Amino acid sequence: MNFNHIIDNYGIELRIIGGLIIAFMLGELFAKIVQHIQKIFEKDIESWQESRFPATRWYESAILDEKFTRPTTWLGWMEIVFFYFCFWQNMPEGIGMWLVFKVAVKWESWNNIVKMPDKIKYGQQESDDIEYLKLRNKLATMVSQKFFIGTLGNILASAVGWYLV
(Lines give C-alpha, C1' and ligand atoms only; values in the text may rest on other atoms or scores of the structure.)
Protein backbone atom coordinates (compact mmCIF):
# COMPACT_ATOMS: atom_id res chain seq x y z
CA MET A 1 0.00 0.00 0.00
CA ASN A 2 1.33 3.44 -0.91
CA PHE A 3 1.05 5.63 2.21
CA ASN A 4 2.34 8.71 0.36
CA HIS A 5 -0.77 8.57 -1.83
CA ILE A 6 -3.01 8.52 1.27
CA ILE A 7 -1.14 11.44 2.87
CA ASP A 8 -1.19 13.45 -0.37
CA ASN A 9 -4.92 12.93 -0.85
CA TYR A 10 -6.08 13.03 2.77
CA GLY A 11 -3.31 14.95 4.54
CA ILE A 12 -5.37 17.74 6.08
CA GLU A 13 -8.08 15.31 7.24
CA LEU A 14 -5.50 13.03 8.84
CA ARG A 15 -3.89 16.01 10.54
CA ILE A 16 -7.22 17.17 11.94
CA ILE A 17 -8.22 13.71 13.12
CA GLY A 18 -4.75 13.02 14.57
CA GLY A 19 -4.74 16.32 16.41
CA LEU A 20 -8.20 15.70 17.84
CA ILE A 21 -7.14 12.24 19.03
CA ILE A 22 -4.13 13.76 20.80
CA ALA A 23 -6.34 16.51 22.26
CA PHE A 24 -8.87 13.96 23.55
CA MET A 25 -6.11 11.85 25.12
CA LEU A 26 -4.72 14.91 26.91
CA GLY A 27 -8.25 15.92 27.88
CA GLU A 28 -8.69 12.53 29.51
CA LEU A 29 -5.49 13.13 31.50
CA PHE A 30 -6.83 16.45 32.78
CA ALA A 31 -10.16 14.78 33.57
CA LYS A 32 -8.30 12.31 35.80
CA ILE A 33 -6.69 15.25 37.63
CA VAL A 34 -10.10 16.82 38.20
CA GLN A 35 -11.50 13.48 39.41
CA HIS A 36 -8.59 13.20 41.84
CA ILE A 37 -9.46 16.64 43.25
CA GLN A 38 -13.06 15.51 43.63
CA LYS A 39 -12.01 12.37 45.55
CA ILE A 40 -9.86 14.40 47.95
CA PHE A 41 -12.77 16.73 48.56
CA GLU A 42 -15.19 13.85 49.13
CA LYS A 43 -12.91 12.40 51.82
CA ASP A 44 -12.70 15.80 53.54
CA ILE A 45 -16.48 16.20 53.47
CA GLU A 46 -17.05 12.68 54.83
CA SER A 47 -14.58 13.12 57.69
CA TRP A 48 -16.00 16.55 58.57
CA GLN A 49 -19.65 15.66 58.62
CA GLU A 50 -19.49 12.26 60.33
CA SER A 51 -19.15 13.85 63.74
CA ARG A 52 -21.59 16.70 63.12
CA PHE A 53 -24.47 15.71 60.86
CA PRO A 54 -25.84 12.47 59.40
CA ALA A 55 -23.48 11.26 56.69
CA THR A 56 -26.05 10.69 53.98
CA ARG A 57 -27.44 14.23 54.25
CA TRP A 58 -24.07 15.88 53.69
CA TYR A 59 -23.00 13.45 51.02
CA GLU A 60 -26.23 13.90 49.07
CA SER A 61 -26.07 17.68 49.27
CA ALA A 62 -22.37 18.24 48.53
CA ILE A 63 -21.33 15.42 46.20
CA LEU A 64 -22.86 14.94 42.76
CA ASP A 65 -23.31 11.39 41.64
CA GLU A 66 -22.29 10.17 38.21
CA LYS A 67 -25.60 10.81 36.44
CA PHE A 68 -25.19 14.53 37.18
CA THR A 69 -21.49 14.78 36.31
CA ARG A 70 -21.77 12.97 32.97
CA PRO A 71 -23.02 16.10 31.14
CA THR A 72 -19.98 17.93 32.54
CA THR A 73 -17.78 15.36 30.83
CA TRP A 74 -19.67 15.87 27.58
CA LEU A 75 -19.21 19.62 27.91
CA GLY A 76 -15.48 19.02 28.35
CA TRP A 77 -15.31 16.99 25.13
CA MET A 78 -17.29 19.65 23.27
CA GLU A 79 -14.96 22.33 24.62
CA ILE A 80 -11.97 20.42 23.30
CA VAL A 81 -13.53 20.26 19.83
CA PHE A 82 -14.50 23.95 19.97
CA PHE A 83 -11.06 25.07 21.18
CA TYR A 84 -9.39 22.84 18.58
CA PHE A 85 -11.54 24.44 15.88
CA CYS A 86 -10.55 27.90 17.17
CA PHE A 87 -6.85 27.01 16.97
CA TRP A 88 -7.34 25.51 13.51
CA GLN A 89 -9.12 28.64 12.24
CA ASN A 90 -6.75 30.99 14.14
CA MET A 91 -9.69 32.45 16.12
CA PRO A 92 -8.46 33.19 19.66
CA GLU A 93 -11.43 35.52 20.11
CA GLY A 94 -13.69 32.45 19.96
CA ILE A 95 -11.90 31.03 22.99
CA GLY A 96 -12.15 34.39 24.75
CA MET A 97 -15.88 34.68 24.08
CA TRP A 98 -16.48 31.16 25.39
CA LEU A 99 -14.49 31.89 28.57
CA VAL A 100 -16.47 35.08 29.22
CA PHE A 101 -19.74 33.19 28.72
CA LYS A 102 -18.61 30.29 30.90
CA VAL A 103 -17.50 32.54 33.77
CA ALA A 104 -20.78 34.49 33.60
CA VAL A 105 -22.83 31.28 33.78
CA LYS A 106 -20.73 29.90 36.64
CA TRP A 107 -20.94 33.21 38.52
CA GLU A 108 -24.69 33.40 38.14
CA SER A 109 -25.28 29.79 39.14
CA TRP A 110 -23.01 30.09 42.17
CA ASN A 111 -24.62 33.33 43.38
CA ASN A 112 -28.25 32.47 42.78
CA ILE A 113 -28.61 28.71 42.73
CA VAL A 114 -25.88 27.03 44.77
CA LYS A 115 -25.19 29.67 47.39
CA MET A 116 -24.72 28.03 50.76
CA PRO A 117 -26.69 29.23 53.79
CA ASP A 118 -24.93 31.18 56.53
CA LYS A 119 -25.64 28.44 59.06
CA ILE A 120 -26.80 24.87 58.94
CA LYS A 121 -29.15 23.40 61.50
CA TYR A 122 -30.04 19.74 61.62
CA GLY A 123 -32.64 18.90 64.22
CA GLN A 124 -31.58 20.79 67.34
CA GLN A 125 -27.90 20.77 66.41
CA GLU A 126 -26.40 23.84 64.74
CA SER A 127 -23.08 23.92 62.91
CA ASP A 128 -20.04 25.48 64.54
CA ASP A 129 -19.17 28.71 62.68
CA ILE A 130 -15.46 27.96 62.27
CA GLU A 131 -16.04 24.36 61.20
CA TYR A 132 -18.74 25.41 58.77
CA LEU A 133 -16.45 28.10 57.35
CA LYS A 134 -13.82 25.39 56.76
CA LEU A 135 -16.38 23.26 54.93
CA ARG A 136 -17.55 26.18 52.78
CA ASN A 137 -13.94 27.02 51.96
CA LYS A 138 -13.27 23.42 50.92
CA LEU A 139 -16.36 23.35 48.74
CA ALA A 140 -15.54 26.68 47.07
CA THR A 141 -11.92 25.63 46.54
CA MET A 142 -12.93 22.31 44.99
CA VAL A 143 -15.47 23.92 42.66
CA SER A 144 -12.96 26.59 41.58
CA GLN A 145 -10.17 24.07 41.04
CA LYS A 146 -12.38 21.79 38.97
CA PHE A 147 -13.57 24.75 36.90
CA PHE A 148 -10.12 26.24 36.25
CA ILE A 149 -8.18 23.01 35.82
CA GLY A 150 -10.86 21.52 33.58
CA THR A 151 -11.13 24.60 31.37
CA LEU A 152 -7.39 25.23 31.21
CA GLY A 153 -6.82 21.54 30.56
CA ASN A 154 -9.23 21.60 27.63
CA ILE A 155 -7.50 24.65 26.15
CA LEU A 156 -4.04 23.11 26.58
CA ALA A 157 -5.14 19.73 25.22
CA SER A 158 -6.60 21.40 22.14
CA ALA A 159 -3.54 23.61 21.61
CA VAL A 160 -1.11 20.74 21.96
CA GLY A 161 -3.25 18.53 19.75
CA TRP A 162 -3.30 21.16 17.04
CA TYR A 163 0.33 22.22 17.18
CA LEU A 164 1.80 18.70 17.39
CA VAL A 165 0.39 17.53 14.08
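Visitor: How much space lies in the second largest pocket?

Guide: This is a predicted model, and in it the second largest pocket holds about 210 Å³ of space. Rolling a probe the size of a water molecule over the atoms shows where empty space is left.

Visitor: What makes the lining of the second largest pocket, and which elements give two or more residues to it?

Guide: The lining consists of Val103, Lys106, Trp107, Trp110, Asn111, Ala140, Val143, Ser144, Phe147 and Phe148. Each of them counts as a lining residue because it has an atom within 4 Å of a grid point of the pocket. The elements giving two or more residues are α4 (92-112) and α5 (129-164).

Visitor: How do the residues of that lining divide into nonpolar, polar and charged?

Guide: Seven are nonpolar, two are polar and one is charged. Lys counts as charged, so Lys106 is the charged one in the lining.

Visitor: Why is tryptophan 110 called partly exposed?

Guide: Its relative accessible area is 28%. Buried means under 20% and exposed means over 50%, so tryptophan 110, at 28%, counts as partly exposed. Tryptophan 110 sits in helix α4. Its C-alpha is 9.6 Å from that of alanine 140, with the two positions 30 residues apart in sequence numbering.

Visitor: Stepping back, what pattern does the chain follow, and how many helices and strands does the chain have?

Guide: There are five helices and two strands. Along the sequence, they run α-α-α-α-β-β-α. Of the 165 residues in the chain, 28% are buried.

Visitor: How do you know that glutamate 28 forms a salt bridge with lysine 32?

Guide: The closest N and O atoms of glutamate 28 and lysine 32 are 3.6 Å apart. A salt bridge asks for the nitrogen to be within 4 Å of the carboxyl oxygen, so this pair qualifies. Side chains of opposite charge can pair when their charged atoms come close. Glutamate 28 and lysine 32 are four residues apart in helix α1, which means about one helical turn separates them.

Visitor: Are glutamate 28 and lysine 32 buried, partly exposed or exposed, and what makes them count as such?

Guide: Glutamate 28 has 31% relative accessibility, and lysine 32 has 46%. Both values fall between the 20% and 50% cut-offs, so both residues are partly exposed.

Visitor: How many salt bridges does the count come to, and what makes lysine 102 and glutamate 79 one of them?

Guide: The count comes to two. In the pair of lysine 102 and glutamate 79, the closest N and O atoms lie 2.6 Å apart, so the pair meets the 4 Å cut-off. Lysine 102 belongs to helix α4 and glutamate 79 to helix α3 (residues 66-88), so the salt bridge ties together parts that are 23 residues apart in sequence. Lysine 102 and glutamate 79 are both buried.

Visitor: Which residues make the nonpolar surface patch of about 310 Å², and why can isoleucine 17 be part of it?

Guide: The patch is made by Ile17, Ile21 and Met25. A patch residue needs over 30% relative accessible area. Isoleucine 17 has 48%, so it passes that cut-off, and it counts as partly exposed. Isoleucine 17 lies in helix α1 (residues 3-50).

Visitor: What is notable about the phi of asparagine 90, and where does asparagine 90 lie?

Guide: Its phi is near 55°, a positive value in a residue other than glycine. Most residues other than glycine have a negative phi. Asparagine 90 lies in the loop between α3 and α4. At 64% relative accessibility it is over the 50% cut-off, so asparagine 90 counts as exposed.

Visitor: Why is isoleucine 155 called buried, whereas isoleucine 22 counts as partly exposed?

Guide: Isoleucine 155 has a relative accessible area of 16%, which is under 20%, so it is buried. Isoleucine 22 has 24%, which lies between 20% and 50%, so it is partly exposed. Isoleucine 155 is in helix α5, and its C-alpha is 9.8 Å from that of valine 81, 74 residues away along the chain. Isoleucine 22 is in helix α1; from C-alpha to C-alpha it is 7.5 Å from alanine 157, although the two are 135 residues apart in sequence.

Terms used
Residues are numbered from 1 along each chain as its sequence is written. This is a predicted model: local features need pLDDT of at least 70, side-chain atom pairs count only at pLDDT 80 or more; totals for chains, interfaces and linings use all residues. Side-chain values use heavy atoms; hydrogens and water are left out. On a 1 Å grid over the protein atoms alone, a cavity is a set of points where a 1.4 Å probe fits but cannot get out, and a pocket is an open set with protein on both sides within 12 Å along at least five of seven lines; lining residues have an atom within 4 Å of a point. Grid points are joined across faces, edges and corners, and a volume is the space filled by probe spheres set on the points. Patches are made of residues with over 30% relative accessible area and no salt bridge: like charges are joined within 9 Å, nonpolar side chains (Val, Leu, Ile, Met, Phe, Trp, Tyr) within 5 Å. Accessible areas come from the Shrake-Rupley method with a 1.4 Å probe; for residues, only the protein chains shown count as cover. A salt bridge is a side-chain nitrogen of Lys or Arg within 4 Å of a carboxyl oxygen of Asp or Glu. Buried means under 20% relative accessible area, exposed over 50%, partly exposed in between (1.4 Å probe, protein chains only).
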